Amino acid sequence: MDTCIINTPLGSTKITGDIDGIRTILVLDIDQPTSIKIPKTLQHCVAQLKEYFAGTRQQFNLKLNPKGTHFQKNVWEALGKVPFGKTLSYLELSKQLGDVKAIRAVANANGKNPLWIVVPCHRIIGSDGSLTGYAGGLHRKKWLLEHESPYKQQTLF
């Protein structure tokens, strides 16, 4: 499995994958040295993440190969359909998946998403609009949603 560490505005990010696709994209809580050489199998992922953070990419075109249960993969697939700049509640996502009673299981699968940003679990919010439950930390979720917002907050001073 190939691995690299890149720096993003939200901290060090570890990417793993191989010829079968990207396995994980994980933001780290502790800064790590960035990789000097990026393995060929990860270069497209690194380039697309840099474009995303630069504000020039809204959709990813990567071969993905996450490990998870059938249910988790169904949730992650549904997450991938939430458009850039939009949000959905956990309840709405559960309804889309066909089982409103599965809201806790959907939230759990959302929290186990191994493909940070590319599978946009940060776009899932509470029914009341609150920024609930984000494995990367609510400060990162807030940053990502603001980054994707079509309405940029301007400062008064």
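At 42% relative accessibility, K142 counts as partly exposed, and its partner in a salt bridge, with 2.7 Å between N and O, is E146. In this predicted model, E146 is likewise partly exposed, with a relative accessible area of 43%. Because K142 and E146 stand four residues apart in helix 5, about one helical turn separates them.

This pair belongs to a wider set, since a search of the whole structure finds five salt bridges. Among them is the contact between D29 and R140, whose closest N and O atoms are 3.2 Å apart. D29 is located in the loop between strand 3 (21-27) and helix 1 (43-54), whereas R140 belongs to helix 5 (residues 138-148), so the pair ties together parts that are 111 residues apart in sequence. The two side chains also contrast in their surroundings, as D29 counts as exposed at 70% relative accessibility, while R140 is buried, with a relative accessible area of 6%.

A further salt bridge joins the side chains of E148 and R123, at 2.8 Å from N to O. Here E148 comes from helix 5 and R123 from the loop between helix 4 (103-111) and strand 5 (124-125), so that this pair ties together parts that are 25 residues apart in sequence. Buried means under 20% relative accessible area, and E148 is therefore classed as buried at 3%, as is R123 at 5%.

Conventions. Residues are numbered from 1 along each chain as its sequence is written. This is a predicted model: local features need pLDDT of at least 70, side-chain atom pairs count only at pLDDT 80 or more; totals for chains, interfaces and linings use all residues. Side-chain values use heavy atoms; hydrogens and water are left out. A salt bridge is a side-chain nitrogen of Lys or Arg within 4 Å of a carboxyl oxygen of Asp or Glu. Helices (H or I, at least four residues) and strands (E, at least two) are DSSP runs, numbered from the N terminus. Buried means under 20% relative accessible area, exposed over 50%, partly exposed in between (1.4 Å probe, protein chains only).
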